[in-house]
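Subject: Structure for your review

Dear colleague,

Please find below the structure for your consideration. My notes on it follow directly after.

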Amino acid sequence: MTLEINELSAITYMRFVNPEYDTGYEDDGRIFVKGLPSHKPIEPGSNRPMISKSPFAPPKDTIHYEVLNKVSKQGFRVSRAFMDLMGATFPKNCTERGNWLDTIERTFLGLWRKKGEILYTDAFYDWRGRVYDMSGEWGSLQNNKLSRAALSAPERYAVTEEGFHYLKKLFFHEGWPTTPEDAQEYLENPQFDGNGAIDWMGARAALTILEIHKTGMTNYLVEQDASCSGFQHMALLMRDLRLAEIVNAVFSHIHGDLYLMVAEEGKIAEYLFDGDLRKARKFAKTIVMLTGYGSGASGIASSYWLDAGGEGELDEEEGLFLADEDTTIFIGTKEFTYENLKGFVKEQQEILFKKFPSIQVLRTECIKYYVECINADPESFIWTTPDGFIAHRVITLDEQECNRVGAAGAMPNLIHSLDAAIVRYVIRNWNRTLGVVHDAFFTTINDALELRELVREAYRYIHTNLGEFPVKREGTLPEIGKCIGI
């Protein structure tokens, strides 16, 4: 990418004209090790099992091997322009240190040394069939947001008018620049996160706006996330139209937002954040997501407590965090004891359950199925997904004796396997640039809307062909909504 000095400030311009900018960090021996990104495709099963933490693997003549093989052949190019920009701002400008930032420093240095190159990584499943495309701790879309911002489509492409219009809608939704003027301002006054690191995704968005304005071309990857995919599958399984509408799983005259709904119903903005709805939504998102993963009020309260620096200790025998109930934390403007916080979390969960009672009905049915599995064979929690993938959780004798695998995880595991089936369907039926991270999909700007339609088709296909999936409802499936994107 070539940028002229009259388009950027002199300071910003210098970040681009010095491609060998000294990062100031030495390789500590962990940057390049076996299993990290490669310059050529890595055949599934070469570096690690094709199904992690499992004695099983898909045979080469199955569609499930075909998916992994296809993913392994998708390379992504490290953006030279983005890494040059980051070389002038990160990690020297970071204000805090710790294990997290140590990892990010290694990510940065690994990407810096590979800028301009195409990287390939391992492709594998977890035991539920979710696709992973990653190696080590850097160089894949799944590692962290720095890697995600740095990786691009393999080649540049001319951006269509329709594609650019949709891109601007996505950037506006994220609070990123949508005009060259705003983009330049964003780069000259970058935003920083709570760890003192630059907002990499926003910076990459700003670079993309400037690049398209200058050349009409880019290699930017558009990310489209699902609107709370776990609850989308819950809604469609239970034929709960009200829940399906709020998570955009069916067509509606409104754009649904489950996190925002809980925040508004629970008056979280007024109670904690002086009316700031964006902060309230973020707070509510944690409650919604962890409730979907089977967490109770105690577990969610512990998560908030730890995030706020609350005191306590780990019960190693039980594997639980025990908050110090004689201390307090602040969240927003309010001071909480642990018991107060747990009560507040429970109130927000009740909003979710009262509004959508089908969630608890489904949870009960999933637990019942789990118990049936364990009674039949205490070493296996097993089922078949709609596309024939065998989700098999082997439970060791030690895990049985210590009760480490519980019924609370039954619903999220079953739901995650449906997410996985959606992703496999999309991979099999898409032959252009594609990246996947759980329920998020990445492709070129021009192909984003077409990919969104394929994801809709995947939801429709999977939920009308559940086959031997153990939990389901009879009845006509409503017309599927957009599911991902905006």
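I begin with helix α16, which comprises residues 358–376 of this predicted model. At 1.5 Å a residue, its 19 residues should span 27 Å, and the C-alpha atoms at its ends are indeed 27 Å apart, so expectation and model agree. Seven names make up the buried set of this helix: Ser358, Ile359, Leu362, Cys366, Tyr369, Tyr370 and Cys373. These residues cover an arc of only 110 degrees around the axis, and therefore lie on the same side of α16. The face turned away from that buried side carries Thr364, Lys368 and Asn375, which are exposed. As to what the buried residues meet, they pack against α9 (229–238), α10 (241–246), α15 (338–355), strand β13 and α18 (410–428).

Strand β13, one of those partners, covers residues 380–384 and includes serine 380. With a relative accessibility of 9%, serine 380 counts as buried, because the cut-off for that class is under 20%. The side chain of serine 380 makes a polar contact with the side chain of histidine 392, at 2.9 Å. If neighbours within four places in sequence are left aside, serine 380 is in contact with Cys373, Ile374, His392, Arg393 and Ile395. Of these, Cys373 has already appeared among the buried residues of α16.

The aromatic residues deserve a separate paragraph. A pair of aromatic rings is described by the distance of the centres and the angle of the planes. The count comes to 17 aromatic pairs. One of them joins tyrosine 271 and phenylalanine 344: the ring centres are 5.2 Å apart and the planes stand at 25 degrees, so the pair is stacked, given that stacking requires planes under 30 degrees apart. This pair links distant parts of the chain, since tyrosine 271 belongs to helix α12 (residues 268–272) and phenylalanine 344 to helix α15, 73 residues apart. How exposed or buried are the two partners, tyrosine 271 and phenylalanine 344? Tyrosine 271 is partly exposed, with a relative accessible area of 38%, whereas phenylalanine 344 is buried at 7% relative accessibility. Both residues belong to one aromatic cluster, formed by Tyr271, Phe273, Phe283, Tyr304, Phe336 and Phe344.

Two loop residues may interest you for their backbone angles. Arginine 239, in the loop between α9 and α10, has a positive phi of about 55 degrees although it is not a glycine. Aspartate 274 likewise is not a glycine, yet has a positive phi of about 50 degrees. Aspartate 274 sits in the loop between α12 and α13 (277–292) and is exposed, with a relative accessible area of 67%.

Finally, some totals for the protein chain. It has 19 helices and 16 strands. Of its 486 residues, 52% are buried. Among contacts with a separation of 6 or more, 70% are between residues 24 or more positions apart. The chain exposes about 22,400 Å², of which carbon and sulfur atoms supply 49%.

With kind regards

Technical notes:
Residues are numbered from 1 along each chain as its sequence is written. This is a predicted model: local features need pLDDT of at least 70, side-chain atom pairs count only at pLDDT 80 or more; totals for chains, interfaces and linings use all residues. Side-chain values use heavy atoms; hydrogens and water are left out. Helices (H or I, at least four residues) and strands (E, at least two) are DSSP runs, numbered from the N terminus. Buried means under 20% relative accessible area, exposed over 50%, partly exposed in between (1.4 Å probe, protein chains only). A polar contact is a pair of N or O atoms within 3.5 Å; within protein, one must be able to donate a hydrogen and the other to accept it, and residues adjacent in sequence count only if both atoms are side-chain atoms. Contact means heavy atoms within 4.5 Å. Accessible areas come from the Shrake-Rupley method with a 1.4 Å probe; for residues, only the protein chains shown count as cover. The expected span of a helix is 1.5 Å times one less than its number of residues. The arc is that of the directions from the helix axis to the C-beta atoms. Rings of Phe, Tyr and Trp (its six-membered ring) pair if their centres lie within 6.5 Å; planes under 30 degrees apart count as stacked, over 60 as edge-to-face and the rest as tilted.
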